[in-house]
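Biologist: I would like to take a close look at one part of this protein with you. Could you walk me through it slowly, as you would for someone in their first year?

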Amino acid sequence: MTKSELVEHLAEKNTWLTRKDSEMIVNLVFDSISDALKRGEKVEIRGFGSFTVRERGAREARNPKSGDVVKIPAKKTPFFKTGKELRERVNIKED
C-alpha cells in the first residue's frame, strides 16, 4: 500500500473526511513520527510496533571495482520493530 492508497482508504472508510483532510491526517502522523525520531525519541504505537534511531559507527570498506579502501562516516538510521499484535495478525492462518 502506498501513501496515496492509504489516504484514499482513510477517506473511503470515513465519509465525513474529504480526501484533503485524509491527506493532512496521514501527513501529520508521518511528520510527527519523523520529528520525534529527529529529536532522538522512541515512538511506540501499541499493538503495531516501535520506531527508534540506531547509530551506526564509522567504518572502512572496499570499493568493489577498484579495491580501494573507502571511509564510511558514522550515521543514524531509523529502525522499526513490529509489535506482538501486528506479528500475530500477519501470521494468522486462513483455512
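Biologist: Let us begin with Phe80: is Phe80 buried, partly exposed or exposed, and why? Please go on from there to whatever surrounds that ring.

Modeller: Happy to! Please keep in mind that this is a predicted model. Phe80 has a relative accessibility of 31%, so Phe80 counts as partly exposed. To be called buried, a residue would need a value under 20%, and to be called exposed, one over 50%.

Now for the company that Phe80 keeps. When the whole structure is searched, two aromatic pairs turn up. In one of them, the ring centres of Phe48 and Phe80 are 5.5 Å apart and the planes meet at 50 degrees, so this pair is tilted. The word "tilted" applies because 50 degrees falls between the limits of 30 degrees for stacked rings and 60 for edge-to-face ones. Distant parts of the chain are linked by this pair: Phe80 belongs to strand β5 (residues 75-82), while Phe48 sits in the loop between β1 (43-45) and β2 (49-56), 32 residues apart. Phe48 has a relative accessibility of 36%, so Phe48 counts as partly exposed.

The other pair joins Phe51 and Phe80. Here the centres are 4.8 Å apart and the planes are at 45 degrees, so this pair is tilted as well. Phe51 is in strand β2 and Phe80 in strand β5, so the pair ties together parts of the chain that are 29 residues apart in sequence. With a relative accessible area of 19%, Phe51 counts as buried, because the limit for that word is under 20%. Put the pairs together and you have one aromatic cluster, made of Phe48, Phe51 and Phe80.

Let us look around the cluster, beginning with Ser50. Ser50 is in strand β2 and is buried, with a relative accessible area of 13%. Leaving out residues up to four places away in sequence, Ser50 touches Phe80 itself, along with Phe79 and Lys81, and also Lys42, Val43 and Glu44.

Phe79, one of those contacts of Ser50, has a partner of another kind. Arg54 lies over the face of the Phe79 ring, at 3.5 Å from the ring centre. Arg54 also appears among the contacts of Lys75, which touches Arg54, Glu55 and Arg56 when residues up to four places away in sequence are not counted. Lys75 is found in strand β5, and Lys75 is partly exposed at 46% relative accessibility. Another residue to find from here is Ala58: the C-alpha atoms of Lys75 and Ala58 are separated by 7.5 Å, with their positions 17 residues apart along the chain.

Next, follow the chain to Gly83, in the loop between β5 and α3 (84-90). Gly83 counts as buried, at 14% relative accessibility. Beyond residues up to four places away in sequence, Gly83 touches Phe48 and Gly49, so you can tie this loop back to the cluster, where Phe48 is a member. Gly83 and Gly47 are 36 residues apart in sequence, yet their C-alpha atoms are 5.2 Å apart in space.

Two rings of the cluster also lead us to a pocket. Phe48 and Phe51 are among the residues that line the largest pocket, together with others including Met1, Leu6, His9, Ile33 and Ile45. This pocket has a volume of about 280 Å³. The helices α1 (3-13) and α2 (19-38) each supply at least two residues of its lining, and the largest share, five residues, comes from α2. By type, the lining divides into 10 nonpolar residues, two polar and no charged.

Since α2 gives that largest share, let us finish with two of its residues. Ser22 is found in helix α2 and is buried, with a relative accessible area of 0%. Leaving aside neighbours within four places in sequence, Ser22 is in contact with Val7, Leu10, Ala11 and Leu17; Leu10 is also one of the residues in the pocket lining. Arg19, another residue of helix α2, is partly exposed at 38% relative accessibility. Apart from residues up to four places away in sequence, Arg19 touches Ser4, Val7, Glu8 and Ala11. Arg19 and Ile92 are 73 residues apart in sequence and 32 Å apart in space, C-alpha to C-alpha.

Definitions and conventions: Residues numbered from 1 in each chain as written. Predicted model: local features only at pLDDT ≥ 70, side-chain atom pairs only at ≥ 80, totals over all residues. Heavy atoms only, no water. Phe/Tyr/Trp six-rings, centres within 6.5 Å; stacked < 30°, edge-to-face > 60°. Helix = DSSP H or I, 4+ residues; strand = E, 2+ residues; numbered from the N terminus. Buried < 20%, exposed > 50% of the residue type's maximum accessible area, 1.4 Å probe, protein only. Lys NZ or Arg CZ within 6 Å of the ring centre and 35° of its normal. 1 Å grid on protein atoms, 1.4 Å probe; cavity = no way out; pocket = protein on both sides within 12 Å on 5 of 7 lines; lining within 4 Å. Points joined across faces, edges and corners; volume = space filled by probe spheres on them. Nonpolar A, V, L, I, M, F, W, Y, C, P; charged D, E, K, R; others polar. Contact = heavy atoms within 4.5 Å.
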